[in-house]
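Visitor: I would like a close look at a single part of this structure, beginning with a strand pairing and then following the chain outward to its partner. Could you take me through it carefully, in one connected account?

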Protein chains: 2
Amino acid sequence: MKPSLPQGTRDFNAEVIYRRRFILDTITDVFELYGFEPLETPAMENLETLLGKYGEEGDKLIFRILNNGLDHPGRRAEAVTAFGNILAGRNEPLITERALRYDLTIPFARYVSMNLSRLTLPFKRYQIQPVWRADRPQKGRYREFYQCDADVAGTTSLISDAEFALIYLQVFERLKVEIEVKINSRRILSALAEACGASEHFTAITVAIDKLDKIGLEKVKEELAAGGLQPEQISLIQACLTLSGNNEERLSKASLLLGNTASGLQGISELTTILEYIATARKDRPADIYVDFTLARGLNYYTGTIFEVKAKNIVMGSIGGGGRYDDLTGLFDLPGIPGVGISFGVDRIYDVMNELNLFPQTVDAAPKVLFFNLGVLESKAAFTAMQELRSGGTACELFYEHVRMDRQFKYANKKRMAYAVIIGSRELEQGTCVVKDLLHEKQVSMPLTDLSSYFSR
Amino acid sequence: MKPSLPQGTRDFNAEVIYRRRFILDTITDVFELYGFEPLETPAMENLETLLGKYGEEGDKLIFRILNNGLDHPGRRAEAVTAFGNILAGRNEPLITERALRYDLTIPFARYVSMNLSRLTLPFKRYQIQPVWRADRPQKGRYREFYQCDADVAGTTSLISDAEFALIYLQVFERLKVEIEVKINSRRILSALAEACGASEHFTAITVAIDKLDKIGLEKVKEELAAGGLQPEQISLIQACLTLSGNNEERLSKASLLLGNTASGLQGISELTTILEYIATARKDRPADIYVDFTLARGLNYYTGTIFEVKAKNIVMGSIGGGGRYDDLTGLFDLPGIPGVGISFGVDRIYDVMNELNLFPQTVDAAPKVLFFNLGVLESKAAFTAMQELRSGGTACELFYEHVRMDRQFKYANKKRMAYAVIIGSRELEQGTCVVKDLLHEKQVSMPLTDLSSYFSR
């Protein structure tokens, strides 16, 4: 058989892993600097934990796991009937009762619900794990991909919203990716619908605004008109979407447009507070934060602040997003726990850094040393020396076979080794070795006893 | 609904993750010191990649994934027929064509087969990922658990066998777990069957010897007798299993018993070579390596050297094992690639270290600092100070709400924070703060500008 990979999945080789690790370690470090603690949940959840949480379309994209032991002879008739339910699009625990994690938010909510009595609120967790979706694979869209989330459960304090913006800024400063953080509030979108006298069209307005980036203002207006909005309502929306000036100016103009609604006042005051905290933390380096009333973040559970991060100097979808939600665990019969969280789009960040050539040259593993194999006694001398190098933290290996030098050089080159160490019969006699710097094509001879300190420089 | 976890799966909280990370980072470091590179493969493999690789019992423990879109109306009749095949215990791609990874060896073999033309042989990879098995859950046995493997593909050199023993020794030295590495060769087991004139009973002999630890010598002899072996054959086996003396002595006694067989000679000579290389690398610290002719490593694909690692001072199954196999990728139509590899039992290593109290006290995240929230202006001053601390690598957070101090102290204690920083109205006026060392119940007042250097000591 010719082996292959399931559609939409990937193997990651060393080169890719080192680069992904650089991104993920940076994010982890920053999460921990802000007091977040790691959580890991199993790949499988009970199917009923996941069903109904991602909308009808989402349910169809959940990978379900076939129960084991279906071939038990005593249960076949029952199984055939149950399979009929699957064919009718219904859930059927007799056939499948477990499924693969579809995102990290529902498992987080499930964890908080199950462990609430043991947790200290506010509970700040981060989670970096793969998720699985039966989406049609296409460029940049995979059936297995990593999500990288941080959330705070159990506080309405806007300090946490401000900190998430700071986390974005600090992570991307460390990665040397230039970004803009866009911020808005769902309350402002809701005030906009209210100010138009079209609160019943809130969802339609949000959906239309969410498309602004893709289809442009004229098409959005057409969509709003098609949805039944009157010209004067549409011009109020247009006015709000096209406000000019810096953040403070736009917020103050918005309060003229929306200040007659409670949610407008609250949204504007919340954004103002968040911006103040951010400015306080970054006195010397004003942040690239942009209050963007056109930001909608699709149809999801956000109720307050929403975030989105875009990379500069490249055409690419958002590389991060998040927001505040009123009720994290209500779905699990535990209402009243508000939360706020963000997510990093690891695959896209990888693509941005690759295209803009932002990975540091040192991102690959430390320079490695190949000891040549020039015979049994010679390789044993190498073996002793290598053990000392490894104790000092230098990665090294011995060529396994005693073959011609050119084959050993070829291996060193292909593996992009930085150094070759040669111990031949003459060196063995003298207790020395020759170190070849393969990148700079230099070589130096030294006593074997100096080797460890040479590499630990 | 009351949420729950699927049987046999676990959430890992921060405390457990920090400890597991300590183990996994140590293993990763050592793998890389020996020139191994990371590989990650997807959780899902095509079902046909996995089926038939783990024996009949293994096949039943593979978690299969239900195909999506089964409720498509045009294909129902076909699906019902196909489901009949599942009920009859057969594979049926119309119902399920993907499955969860069952181990890391087959995905590694699949990867080597698919990428051989791009790989430089010998290919040294390590892989640390979860696997899934539909085993009946019990104490210490989970349906999702991590495997942690390193393998070399494409060399028959015994240097690599010796290095795997060194890797075990170095990892457990770093973890401060006292171990014994047992080593044997399948060739010696095969020679034993041959020397008895019972080569056709090789498997039965191996299976019986594998149980020695559990059932004792007398029961093993009974089992061999029940399997049709004659008393003089059984005494030869007993003689080999009970050889006394140090490694060299036992090897030389074994060569008297088995030296008339080609595989006996080869096995003994290979073990001797491996021990020589290990001794060369560890001149100053003789290693706890034990040649154990009773080691069999169950019914698997090993053909040469086999390893097993046991922790001392505790009753616990093996915490590592591995061996050499002749043909890694033959199952994927690519014969002739030999390999050798080892595995670390992460869950058991965790249990050993926990029971013997071997985790260093510093294994939890760095000491954290809680800034008290004593009002809007006070918390903004804290916000500025925190940002500087974080730039210097100190993890800290601000209590989100302005509430009574005792509630803030309680949070700091519950989260096991090391320090509290208090900026009240008086401190704000003076540009100072009070730092409380919560673990040693001391406090000190200092200018806010000194805080960063105080914590970066």
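Guide: B:Pro130 has B:Tyr146, in β6(B), as its bridge partner, and since this is a predicted model, that pairing is to be read as a feature computed from predicted coordinates. The pair belongs to a longer run, in which strand β5 of chain B (residues 123-132) and strand β6 of chain B (residues 144-153) are joined by 10 bridges and run antiparallel. In general, the strands of a sheet pair through backbone hydrogen bonds, and they may do so in parallel or antiparallel fashion. The sheet that holds these two strands of chain B is open and has 8 strands with mixed pairing, in the order β1-β5-β6-β11-β10-β9-β7-β8. Its edges are formed by β1 (37-38) and β8 (289-291) of chain B, each of which pairs on one side only.

From the sheet we can turn to the way chain B meets chain A. A turn of 180° with a shift of 0.0 Å along the axis lays chain B on chain A with an RMSD of 0.1 Å, and the two copies are thus related as by a two-fold rotation axis. Among the residues of chain B, the one whose C-alpha comes closest to that rotation axis is B:Ile65, at 2.2 Å. The same surface serves both copies, with 100% of the contact residues of chain B recurring in chain A.

As to extent, 112 residues of chain B are in contact with 113 residues of chain A, and the two chains bury about 9,900 Å² between them, of which 58% lies on carbon and sulfur atoms. B:Met1, B:Phe383 and B:Tyr400 together supply 9% of the area that chain B buries against chain A, which is more than any other three residues.

The polar side of this interface can be counted as well: there are 12 salt bridges between chain B and chain A, and 48 residue pairs are in polar contact, with both residues at pLDDT 80 or more. One salt bridge between the chains brings together the side chains of B:Lys368 and A:Glu37, at 3.6 Å from N to O. Helix α14 of chain B (residues 376-391) gives the largest share of the side of chain B that touches chain A, namely 9 residues. Taken by residue class, that side of chain B divides into 56 nonpolar, 26 polar and 30 charged residues.

Notes
Residues are numbered from 1 along each chain as its sequence is written. Chains are lettered from A and ligands numbered from 1 in the order in which they are written. This is a predicted model: local features need pLDDT of at least 70, side-chain atom pairs count only at pLDDT 80 or more; totals for chains, interfaces and linings use all residues. Side-chain values use heavy atoms; hydrogens and water are left out. Copies are superposed by least squares on the C-alpha atoms of residues with pLDDT of at least 70 in both. Contact means heavy atoms within 4.5 Å. Buried area is the accessible area (1.4 Å probe) that two parts lose on being put together, summed over both. A salt bridge is a side-chain nitrogen of Lys or Arg within 4 Å of a carboxyl oxygen of Asp or Glu. A polar contact is a pair of N or O atoms within 3.5 Å; within protein, one must be able to donate a hydrogen and the other to accept it, and residues adjacent in sequence count only if both atoms are side-chain atoms. Helices (H or I, at least four residues) and strands (E, at least two) are DSSP runs, numbered from the N terminus. Ala, Val, Leu, Ile, Met, Phe, Trp, Tyr, Cys and Pro count as nonpolar, Asp, Glu, Lys and Arg as charged, and the others, Gly among them, as polar. Two strands pair if DSSP finds at least two bridges between them.
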